[in-house]
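Student: I have a structure open and would like to practise reading its features one by one. Can we go through it together?

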Amino acid sequence: MNGQEPETARAVLHMEDERATARLAGRLADRAAPGTVIALDGDLGAGKTFFAQAFARALGVREVVNSPTFTIIKEYEDGRLPFYHMDVYRLSQDEADELGLDDYFYGRGVVLVEWARLIPDLLPPARLAIEIEHAGDRAREIRLTGIGQPYADWCRELAASAKEGASGA
């Protein structure tokens, strides 16, 4: 990468309820291409698996998508793109390294990693990092950080549309 840091952009979005979160997941799924990597973090119960389910539905996955906590990786091949849903909560960095995650990260599908902050050294340099936090009963604050392209552009577009929505445009 020429020794340069990848381009980075951020967006902070307030989601009033699950429907708004599902719409955001759908917008991101529409942008997904082979090799898309989403690093998803948040406290227990913040909505990571719900986000993954909404994202998968928007990709056209018809199978039931649930948390791969004990299976680590679930593969769904029936959508617009293959969808690889990972949950690394129960893995050490060394254990995760033995799984050959690069085959997924640089493959033909879309990878969504729950608890990605536990394997920072294994994630590809370009990715979309998403942090979900409780912001009330059903509301969530979603912080997106696009690292590299196209993810930085995605964040700029989302931040701009959120700003337009707040100004009544």
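Student: Which residue in β4 is the bridge partner of Y76?

Tutor: F83 is the partner of Y76. Keep in mind as we go that this is a predicted model. As for the wider setting, strand β3 covers residues 73–76 and strand β4 covers residues 83–87. The two pair in the antiparallel sense, over four bridges.

Student: How many residues sit between β3 and β4 in the hairpin?

Tutor: Six residues lie between them. When you look at strands like these, here's the general idea: in a regular strand, side chains alternate between the two faces of the sheet.

Student: OK, on to the interior. Which residues of the largest nonpolar core touch the most other members?

Tutor: General idea first: in soluble globular proteins, nonpolar side chains tend to be buried together. Here the largest nonpolar core has 36 residues, and L28, F51, F55, F83, I130 and L144 touch the most other members. So F83, the bridge partner of Y76, turns up again in that group.

Student: Which elements each supply at least two residues of this core?

Tutor: On the helix side, α1 (18–31), α2 (48–59) and α5 (151–166) do. Among the strands, you have β1 (8–15), β2 (37–42), β5 (110–114), β6 (127–134) and β7 (140–147). The largest share, six residues, comes from α2.

Student: What does I130 touch, leaving aside residues up to four places away in sequence?

Tutor: I130 touches L28, I38, A39, L40, D41, F51, I142, R143 and L144. Of these contacts, L28, F51 and L144 are also listed with I130 among the core residues that touch the most other members.

Student: And what about A39, which core includes that one?

Tutor: A39 belongs to a second, separate core of 19 residues, which also includes I72, M86 and I119.

Student: Now the outside. Which residues make the nonpolar surface patch of about 290 Å²?

Tutor: L44, Y89 and L118 make it. Take L44 as the example: you'll find it in the loop between β2 and α2.

Student: Why does L44 count as exposed?

Tutor: The cut-off for exposed is over 50% relative accessible area, and L44 has 64% relative accessibility, so L44 counts as exposed.

Student: Let's do charges. How many salt bridges does a search of the whole structure find?

Tutor: Side chains of opposite charge can pair when their charged atoms come close. In this structure the search finds nine salt bridges. One of them joins R156 and E7, with the closest N and O atoms 2.5 Å apart. R156 is in helix α5 and E7 in the segment before β1, so this pair ties together parts that are 149 residues apart in sequence.

Student: Are R156 and E7 buried or exposed?

Tutor: Neither label fits: R156 is partly exposed, at 36% relative accessible area, and E7 is partly exposed too, at 38%.

Student: Which residue of α5 lies three residues from R156 and meets its side chain in a salt bridge?

Tutor: That's D153, at 2.7 Å from N to O. Both residues lie in helix α5, about one turn of the helix apart. Put the two pairs together and you get E7, D153 and R156 linked in a network of salt bridges.

Definitions and conventions:
Residues numbered from 1 in each chain as written. Predicted model: local features only at pLDDT ≥ 70, side-chain atom pairs only at ≥ 80, totals over all residues. Heavy atoms only, no water. Pairing = 2+ DSSP bridges. Core = buried A, V, L, I, M, F, W, Y, C linked by side-chain atoms within 4.5 Å. Buried < 20%, exposed > 50% of the residue type's maximum accessible area, 1.4 Å probe, protein only. Contact = heavy atoms within 4.5 Å. Patch = residues over 30% accessible without salt bridge, like charges linked within 9 Å, V, L, I, M, F, W, Y side chains within 5 Å. Areas by Shrake-Rupley, 256 points an atom, 1.4 Å probe, with all protein chains shown as cover. Salt bridge = Lys/Arg side-chain N within 4 Å of Asp/Glu carboxyl O.
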